[in-house]
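Here's a quick briefing on a ligand site and a helix pair. Have the viewer open as you read.

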Amino acid sequence: MSGNMAENSPSHGNDVTEVRCLVAGEWRTSGERAERQGPYVRRPVSVAHLADEAMVDEALAYAHRSRAAVEQVSPAARASVLERAAELVDARRDEFARLLALELGKPLKDGRGEMVRVADTLRVSAAEARRIGGEVLPTAGWPRGVGSTAMTYRAPVGVVVAITPFNAPANLLAHKLAASFAAGNTTIVKPPPQAPAVSVRLVEVLLEAGMPVEAVQVVHGGAEIGSRLCASPIVSAISFTGSAQAGAAVARTAGPKRLVLELGGNAATIVCEDADIDTAAAMCAATGFSNSGQSCVSVQRIYVHTSVCDRFLDALTTAVGRLKVGDPLDEDTDVGSMVDDQAAARVEQWIQAAKAEGATVTCGGVRDGATLSPTVVAEPPPTATLVVEEAFGAVVVVLRYDDFDQVLEVCNQSRYGLQAGLFTQRIDRIMRAWRHLEVGGLVVNGTSNFRLDHVPFGGVKDSGIGRESPRWMIDDYTVTKTLILRGASLWGESAVSQG
Ligand code: NAD
């Protein structure tokens with residue numbers, strides 16, 4: 001399916017984007033280059049010049065020297081750069097979407113959606129740059145503070161490392177780099193090996209918008225390059241998005257640094273008997289398979305009340321069966337390919353294992369190269385790998401439940417806890433779920449797969465630590481500095497005379 005269609009499609013062209021490392025203000029070539037094969041088009045689509053250890057060390061030293069220059073840029077100027085970059089991203093949305101389709105097999109509509117969010121993220125970061133300040137503290141409320149004034153302001157941490165995953169390489173880079181710059185830091189970016197060209201194009205846009213060269217560097221490579229950056233004492237904060245396993249390695253390597261870890265999940269969505277079943281099924285179909293399910297909050301486990309489960313499963317299977325699978329460069333495609341053949345083969349194998357354990361595959365389950373047809377698996381055992389682990393692919397599982405409080409407990413049995421979805425009209429259930437679900441966020445009358453880029457986002461348990469979204473990231477990208485003025489007070493100093 002994918003191979004033949006790719007060869008026959010004139011729209012694919014034969015363009016290969018070559019990208020370099022950006023170190024100490026210069027785009028550098030290197031001795032080692034990595035070629036990225038497009039998972040759907042099955043030809044080279046980009047080539048990245050890889051950093052070596054010396055280049056990483058040079059980037060770290062330059063970042064250390066550049067801190068003062070970036071800190072000197074006024075918040076108003078930082079905000080203007082980010083706003084200009086948002087306009088450029090809007091103007092080049094189609095160009096980015098094409099690159100996302102080539103490097104990752106992401107359908108054009110998903111790619112454009114990601115770029116709309118990139119522009120939002122840049123604008124929100126600009127707004128937050130304008131709000132960074134401090135406060136005058138109520139020192140005189142306690143006896144030892146009487147006669148003094150204390151103030152705080154938020155200062156940049158200095159050098160930030162931003163490590164991004166493949167599945168949303170543009171928006172996650174925008175979150176990290178824009179918030180770090182908004183806070184006045186210099187950032188070293190380590191893009192995912194699967195999407196070097198998209199990542200570099202976004203950095204180029206920021207530079208074109210006026211970001212000083214001192215504020216950003218890019219080093220291409222894999223885990224070893226990321227690890228060298230994380231280990232460096234020059235680095236003050238690390239923002240990492242990726243798998244739980246790699247996140248744990250980053251935490252071990254980093255030692256005592258600011259860490260924001262945005263890791264994996266196997267998100268649950270609960271459908272209660274009072275929900276609009278057709279709407280819930282349509283939303284699960286749309287958000288369980290966007291980007292072939294390769295989203296950290298993608299709908300993976302759907303728990304449906306037993307009284308409506310058969311009806312839900314029918315509606316879901318019908319809606320999923322209507323999704324158009326195929327060429328990511330085709331405007332009508334809903335589901336393109338996964339990131340590579342191995343990822344699709346892994347999920348296919350998990351589906352087969354669930355089937356062997358008694359589950360029913362109601363649609364999909366067919367793989368061609370990196371393309372897995374959208375798959376619905378009904379009632380696998382709760383111990384199936386497809387239920388317990390992060391699938392990160394074009395598959396959802398449907399499981400029935402009887403009791404609402406029990407299903408909350410079942411959801412919590414996961415080692416992950418990123419986000420959950422809940423379809424119900426009952427406020428008591430909403431409040432119970434909000435309180436008891438072990439997740440960073442709950443989406444009501446929507447699935448787990450929904451994110452607003454200006455509200456806090458992040459997980460608990462193995463899904464990570466810290467919260468992303470510019471306002472919260474800026475907390476991690478700045479330090480609170482306190483000034484205490486002794487003998488200078490804004491408030492009264494005399495004691496109450498004892499009658
Ligand atoms: P990955 O962990 O394989 O790689 C992510 C990035 O980390 C890459 O740039 C990689 O080169 C780098 N890396 C890997 N090992 C490293 C190490 N030891 N030290 C430093 N850097 C290292 O993840 P992936 O396959 O690119 O992305 C998919 C994963 O990301 C999924 O688990 C998904 O859930 C997660 N994710 C989480 C969020 C979130 O916000 N929580 C968002 C998107 C993706």
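How far does a backbone N or O atom of glycine 242 lie from an oxygen atom of the ligand? The gap is 3.3 Å. Keep in mind that this is a predicted model. The rest of the picture covers the ligand's surroundings and then one helix crossing.

**Polar contacts with the ligand**
- Threonine 164 also uses its backbone here, with an N or O atom sitting 2.8 Å from a ligand oxygen.
- Glutamate 390 goes in with its side chain instead: a polar atom of that side chain is 2.5 Å from an oxygen of the ligand.
- On its own the ligand would expose 850 Å², and the protein buries 88% of that area.

**Who makes up the shell**
- Helix H8 (223–231), strand S11 (237–241) and helix H9 (244–254) are the elements that each give two or more residues to the shell around the ligand.
- There are 29 residues around the ligand, and the ones that come nearest are Thr164, Lys190, Ser243, Leu263 and Glu390.
- Sorted by class, the shell has 17 nonpolar residues, nine polar ones and three charged ones.

**The H3–H7 crossing**
- Helix H3 (residues 75–91) and helix H7 (residues 196–208) have axes that come within 8 Å of each other.
- Those axes cross at roughly 130 degrees, and H3 and H7 are therefore oblique to each other.
- As for handedness, the H3 and H7 crossing is right-handed.

How values were computed
Residues are numbered from 1 along each chain as its sequence is written. This is a predicted model: local features need pLDDT of at least 70, side-chain atom pairs count only at pLDDT 80 or more; totals for chains, interfaces and linings use all residues. Side-chain values use heavy atoms; hydrogens and water are left out. A residue is near a molecule or strand if one of its heavy atoms lies within 4 Å of it. A polar contact is a pair of N or O atoms within 3.5 Å; within protein, one must be able to donate a hydrogen and the other to accept it, and residues adjacent in sequence count only if both atoms are side-chain atoms. Accessible areas come from the Shrake-Rupley method with a 1.4 Å probe; for residues, only the protein chains shown count as cover. Helices (H or I, at least four residues) and strands (E, at least two) are DSSP runs, numbered from the N terminus. Ala, Val, Leu, Ile, Met, Phe, Trp, Tyr, Cys and Pro count as nonpolar, Asp, Glu, Lys and Arg as charged, and the others, Gly among them, as polar. Axes are lines fitted to C-alpha atoms, for helices over the stretch in contact, and angles run from 0 to 180 degrees between N-to-C directions. Angles under 35 degrees count as roughly parallel, over 145 as roughly antiparallel, 65 to 115 as roughly perpendicular and the rest as oblique. A crossing is left-handed if the near helix is turned anticlockwise from the far one by less than a right angle, and right-handed if clockwise.
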